[in-house]
Amino acid sequence: MSGMFGPIVTLTISLVVMLYVGWYSYKKRQAESMEDYFLASRTLGTLVVALSLFATQYSGNSMIGYTARAYRIGFQQLVFPVFMVMIPVGYMLFIPRLYVLANRRKYITLLDFLEDRFQSKVLCFVAGIFLFWGIYVQFVEQLQASGTLFAGLGSNIPYWSGVVILGLIIAVYVAVGGMRGAMLAQAIQGGIMLLGILFLIVFSWMHYGGIGSSVQKLLEVSPEKVLPPQSAKGVLSWASTMALVGLGGAMYTHSIQQLFASRNEKVLKRSLSRMAVLTFVTPTILVFIGIIAAANFLGLSTMESEKVIPMMLSQMMQTSVLSYWAMSIVFAAILMATLSTASGVLISLTTVIISDFYKRFINPNVQDAKATRIARWFNFVILIISMILVLEPRTTIWRLTEIKFEGLLQAVPAVLLGLYWPRATKTSIITGMIAGGSLAIGMSLSGHPTYMGIHGGVLGMLLNFAVAYLLSKISKAHDSEVQSFNEKFVKLFKA
Amino acid sequence: MILERKKGNTLQEEIKECYEEGIAMTSRMEVKDPMNWRVWIRFIILYILLVPWYFPKGISRVLVMGIPLWAFMIIFFLVCLVLCIIDVTRNHWDLEAFIESKDRNP
């Protein structure tokens, strides 16, 4: 069997369920308030939080782009499961205390904390730009991934069709359902994704042979794909990627927003430990799939290799009726992965624009009902701008990932120093962010995104930390500021 | 310290305040903050082990269960990291006492 009938059927069923979930959530909303729209009134349970965190973290870019990278570099892409598990480690640095503060002081976003801590709108604006940048690129990645998936399935399917059709569906259900809708839909999508990944590994194992035979083939045709990093630069790049994603991924404002939406600390802790297990299993399987692809599709160019997963799907679909339908479910699963991330990101983008920029800098007295209404419409504005940008893909999905985290990383010193160091001053933090951001952007624009394998964003973050620390030491915070910080944020945690 | 009476407080108010503070202190004795060295030393060691810098050349030919030995070891240390995260969330993190009941949702 071949053709698009199966994928269209599975996709339609999934989308109908998701739209229903959006509608159901709209009906279930507790109030027309920002806290309800953006945090589901902090009422979500472990299963929903864990599965939706999983679905948000595993997206179209990881299922298509990172598997394609495993095709290109072989076992060295094992850095993918490693850095994914580093994200919960990154959370451990600040979420335990921040969750308490978020509940006590009613934060919706990370910027609420930064404003409360540093009492500076300029600092919030600069940090907001970096956080916004990270999630915006994440959104663009998802649209590019859905276009790539469609285009890879058949030569007669245009790339733009995936971008446009899926983009519109996401915008409608996020606008209707808000955070509750997005997270419930993501939880369902997380389930479908797990099933899809399972089918993908089982069927590719059966069709192309197991990982053992793929490794044997690779040892003959391209042995470099079986090697660990061979140079100091390769090793440093691996370590740098772990820091880049571990800390940058933990800064995703949409994931932090999801964590704030947990019902209580127990739910939060259980969600994080379940997420750690899922983040280990899934990417490891995806790397193995990429290795199987590397042994069986020889000689694809970099941009062609981006489509290697859809190519595998369409090849396996032709083998039997069973695999045709199983692969149709995988197709739906990948789209779900893309949609779930895109929806989580979209709602966060509107949160940043409305709650962090509009409410903070333009109209502080806006009514919640009006802000929520504007947020719902803003989804469409963001979507249209992003669709125009990705209609012509300019780089690989992996490079987009790096660019995204390099921006996000620049907010790390503000959060960590803000949370743990009473003497950090707002001027030093702002200067640090600007210095670090300039270094990262400068390196990227000059065509040297890494130095000795270390990403510009990681070097920028180190510079950012150093500048913030030294300037804080020199400028010295007022004793009254230090005391107020101690009262509000540190003494609170002293038993 | 308890005997120092604040200006203007009656003895009754003072006793009530001490009592409330006592309750709060008892509940905070259960508190565990993961921001401590015992937790982070483990994460740092695992970070170092998860970077493949210590494998000799030619390691790729040694296979375990069909995959290269070095990849197998990275996966093994990754499992250790996952277990470590689970342990920290279960046994080294309990700040619930700091969230006051009025802040909670019903």
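**Exercise 1. Checking a helix**

What span should the 23 residues of helix H16 (residues 368-390) of chain A cover at 1.5 Å a residue, and how far apart are its end C-alpha atoms?

Solution. Keep in mind from the start that this is a predicted model.
- Step 1: the expected span of a helix is 1.5 Å times one less than its number of residues. For the 23 residues of H16 of chain A, that comes to 33 Å.
- Step 2: now look at the ends of H16 of chain A, where the C-alpha atoms sit 33 Å apart, so expectation and model agree.
- Step 3: follow the axis along the helix. H16(A) has a bend of about 30° at A:Trp377.
- Step 4: pick out the buried positions. In H16(A) they are A:Ala371, A:Thr372, A:Ala375, A:Asn379, A:Leu383, A:Ser386 and A:Val390.
- Step 5: a bit of helix geometry helps when reading that list. An α-helix makes a turn every 3.6 residues, so residues three or four places apart point the same way.

**Exercise 2. Two domains in one chain**

Find how chain A is divided, and describe the side of domain 1 that touches domain 2.

Solution.
- Step 1: split the chain. Domain 1 of chain A covers 5-405 and domain 2 covers 410-495.
- Step 2: place the two parts. Their C-alpha centres are 27 Å apart.
- Step 3: count who takes part. Domain 1 of chain A brings 28 residues to the contact and domain 2 of chain A brings 25 residues.
- Step 4: see where the domain 1 residues come from. Helix H5 (79-105), helix H6 (110-118), helix H7 (121-153), helix H10 (232-250) and helix H17 (397-409) of chain A each give at least two residues. H10(A) has the largest share, with eight residues.
- Step 5: sort that side of domain 1 by residue type, and you get 20 nonpolar, four polar and four charged.

**Exercise 3. A glutamine after H17**

Where is A:Gln410 found, and which residues does A:Gln410 touch?

Solution.
- Step 1: locate it. A:Gln410 belongs to the loop between H17 and helix H18 (412-420) of chain A.
- Step 2: check its surroundings. A residue is buried if 20 or more other C-beta atoms lie within 10 Å of its own. A:Gln410 has 32 C-beta neighbours inside 10 Å, so A:Gln410 counts as buried.
- Step 3: list its contacts, leaving out residues up to four places away in sequence. A:Gln410 touches A:Phe130, A:Met433, A:Gly436, A:Gly437, A:Ala440, A:Gly460, A:Met461 and A:Asn464.
- Step 4: try a distance. From A:Gln410 to A:Ser438 is 28 residues in sequence and 10.0 Å in space, C-alpha to C-alpha.

**Exercise 4. Inside the core**

Which residues in the largest nonpolar core touch the most other members?

Solution.
- Step 1: this core has 177 residues, and the ones you want are A:Val82, A:Ala127, A:Leu131, A:Met242 and A:Ala333.
- Step 2: ask which element gives the most to the core. That's H5(A), with 19 residues.
- Step 3: zoom in on A:Leu131. Not counting residues up to four places away in sequence, A:Leu131 touches A:Leu110, A:Met251, A:Thr253, A:Val352, A:Leu408 and A:Ala411.

**Exercise 5. Two loops with positive phi**

Say where A:Lys106 and A:Gln119 lie, and whether each is buried, partly exposed or exposed.

Solution.
- Step 1: start with the general rule. Most residues other than glycine have a negative phi.
- Step 2: take A:Lys106, in the loop between H5 and H6 of chain A. Its phi is near 60°, a positive value. With 14 C-beta neighbours inside 10 Å, A:Lys106 is partly exposed.
- Step 3: take A:Gln119, in the loop between H6 and H7 of chain A. Its phi is near 50°, also positive. A:Gln119 has 12 other C-beta atoms within 10 Å, so A:Gln119 is exposed.

**Exercise 6. Meeting chain B**

Describe the contact between chains A and B, then look at chain B itself.

Solution.
- Step 1: 41 residues of chain A touch 38 residues of chain B.
- Step 2: on the chain A side, H5(A) has the largest share, with 11 residues.
- Step 3: by type, the chain A side holds 28 nonpolar, eight polar and five charged residues.
- Step 4: chain B has three helices and two strands, in the order α-α-β-β-α along the sequence.
- Step 5: 19% of the 106 residues of chain B count as buried.

Terms used:
Residues numbered from 1 in each chain as written. Chains lettered and ligands numbered in written order. Predicted model: local features only at pLDDT ≥ 70, side-chain atom pairs only at ≥ 80, totals over all residues. Domains from an automatic or database assignment. Contact = placed C-beta atoms within 7 Å. Helix = DSSP H or I, 4+ residues; strand = E, 2+ residues; numbered from the N terminus. Nonpolar A, V, L, I, M, F, W, Y, C, P; charged D, E, K, R; others polar. Core = buried A, V, L, I, M, F, W, Y, C linked by C-beta atoms within 7 Å. Bend = angle between axes of the 7 residues up to and from the residue.
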